[in-house]
Amino acid sequence: MYKVKVYVTLKESVLDPQGTAVKKSLRMMGYDDVNDVRIGKYMELTIGETADQLDAMIEEICSKLLANPVIEDYRYEIEECVPQ
Amino acid sequence: MKFAVIVFPGSNCDVDMYHAVIDELGEEAEYVWHDETNLDRFDAILLPGGFSFGDYLRTGAIARFSPVMNEVVKAAELGKPVLGVCNGFQILLEAGLLPGAMRRNDSLKFICRPVLLEVKNSNTMFTNQYAPGEIIEIPIAHGEGNYYCDETTLAKLKANNQIVFTYHNENPNGSIENIAGIMNKQGNVLGMMPHPERAVANLLGSHDGLKLFQSIVNQWRESHAIKA
């Protein structure tokens, strides 16, 4: 079994209104050193070990559904795990 | 003329769309569930607003993989009119039938009120009943209508007159170039955040949206008269 951790974030060039609102709030709380906040998504996929070409499959999953390549970037980590 | 009103789990403007076609436009319409695999019997496709699949992941991201969307792509390739309103627009973007993507409104608020639009291109199958530059009043109701595309795409949209509607005197959501609605290069797929189906009778506060549906019928009649 594999556990795949997927991180989806807005592209640097795309303004993040949520992140901007959270940054403002942090500044009001007195955290003056916070320069920027970007909000993204974290997803965990559990994939059976029979899956071959795991990287190619995850790339496809990410680019087709989990992220929108027009405004988002993604990266992922693969961990082997023992079924519980 | 027969319109398909596509219904996804979570669509909620399907009834308004159906009402606009049947009662105000006087044409035929049929609700079509999202697992339908044949749209041959329809002359035009309407993707209504709502929250398809709960807006999970991203607006329109899951609906775009419903079986009916393969048929919507086919209909678009055949040149049939395809209109996506609000969530319907978001689905067309995710499906790649229109360029760009939606972001959260810059205010982070869900906005529901009438706005003024400028008809930027009145020479389309969706806007031929409007005067060039006409200012119309149509309601919006969305939390993610902040249209985005990169500079190259924007230049293409402008060069091909694909920007059909812009917000007039204000920008309620932060969209680039005040964009409220765009069409594909071929001119038969229109996506727009404002709801023309909610502005088809004075009783609703405005009838400015009716001309959009009349434009579709007008174009269809003309092209069929030529064929006949």
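1. B:K2 stands opposite B:E28 in β2(B), and this pair belongs to a parallel pairing in which β1(B) and β2(B) are joined over six bridges. Strand β1 of chain B covers residues 2-7 and is mostly covered, with five of its six residues buried. As this is a predicted model, the pairing described here and everything below should be read as features of a prediction.

2. The β1(B)-β2(B) pair is part of an open sheet of nine strands in chain B, whose order is β2-β1-β3-β4-β11-β10-β9-β6-β7 and whose pairing is mixed. The edges are formed by β2 (28-33) and β7 (135-142) of chain B, each of which pairs on one side only. From one strand to the next, the twist averages 25 degrees. Strands of a sheet pair through backbone hydrogen bonds, in either the parallel or the antiparallel sense.

3. Towards the β7(B) edge, strand β6 of chain B (residues 111-119) pairs with β7(B) in the antiparallel sense, and eight bridges are found between them. Within this pairing, B:E118 has B:I135 of β7(B) as its bridge partner. Strand β6(B) also runs antiparallel to β9(B), to which it is joined by three bridges, and here B:L117 stands opposite B:Y167 of β9(B).

4. Strand β9 of chain B, residues 163-167, deserves a separate comment, since five of its five residues are buried. Besides its pairing with β6(B), β9(B) is joined to β10(B) by three bridges, and these two strands run antiparallel. One of the residues involved is B:T166, whose bridge partner in β10(B) is B:I179.

5. The loop between β9 and β10 of chain B contains B:E177, which is partly exposed at a relative accessible area of 42%. Leaving aside residues up to four places away in sequence, B:E177 touches B:L154, B:K158 and B:T166, the last of which is the residue that bridges to B:I179. The C-alpha atoms of B:E177 and B:I163 are separated by 9.4 Å, with the two residues lying 14 residues apart along the chain.

6. Across part of the sheet lies helix α3 of chain B (residues 87-95), which crosses β3 (44-47), β4 (82-85), β10 (179-183) and β11 (189-192) of chain B and runs at about 115 degrees to β4(B). The loop that leads from β4 to α3 of chain B holds B:C86, a residue that has a positive phi of about 60 degrees although it is not a glycine. B:C86 is buried, its relative accessible area being 5%.

7. A second backbone point to inspect is B:L108, again a residue other than glycine with a positive phi, in this case of about 65 degrees. B:L108 is found in the loop between β5 (101-103) and β6 of chain B, and at 29% relative accessibility it counts as partly exposed. Most residues other than glycine have a negative phi, and a reader may therefore wish to look at both sites in the model.

8. How do the axes of helices α1(B) and α5(B) lie, and at what angle do these helices pack? Helix α1 (residues 14-25) and helix α5 (residues 210-227) of chain B pack at an angle of about 70 degrees, with their axes 11 Å apart. Angles of 65 to 115 degrees count as roughly perpendicular, and α1(B) and α5(B) are therefore described as roughly perpendicular to each other. From α1(B) the contact is made by B:M17, B:A20, B:E24 and B:L25, and from α5(B) by B:L210, B:F213, B:Q214 and B:V217. By class, this contact has six nonpolar, one polar and one charged residues.

9. For chain B as a whole, there are five helices and eleven strands. The radius of gyration of chain B is 16 Å, close to the 17 Å that the globule rule gives for 228 residues, so the chain is as compact as a globular protein of that length. The C-alpha trace of chain B spans about 50 × 40 × 40 Å along its principal axes, and buried residues make up 57% of the 228 residues. Among contacts in chain B between residues at least 6 apart in sequence, 73% join residues at least 24 apart.

Conventions. Residues are numbered from 1 along each chain as its sequence is written. Chains are lettered from A and ligands numbered from 1 in the order in which they are written. This is a predicted model: local features need pLDDT of at least 70, side-chain atom pairs count only at pLDDT 80 or more; totals for chains, interfaces and linings use all residues. Side-chain values use heavy atoms; hydrogens and water are left out. Axes are lines fitted to C-alpha atoms, for helices over the stretch in contact, and angles run from 0 to 180 degrees between N-to-C directions. Helices (H or I, at least four residues) and strands (E, at least two) are DSSP runs, numbered from the N terminus. Angles under 35 degrees count as roughly parallel, over 145 as roughly antiparallel, 65 to 115 as roughly perpendicular and the rest as oblique. Contact means heavy atoms within 4.5 Å. Ala, Val, Leu, Ile, Met, Phe, Trp, Tyr, Cys and Pro count as nonpolar, Asp, Glu, Lys and Arg as charged, and the others, Gly among them, as polar. Two strands pair if DSSP finds at least two bridges between them. The radius of gyration is taken over C-alpha atoms; the globule rule is 2.2 Å times the number of residues to the power 0.38. Buried means under 20% relative accessible area, exposed over 50%, partly exposed in between (1.4 Å probe, protein chains only).
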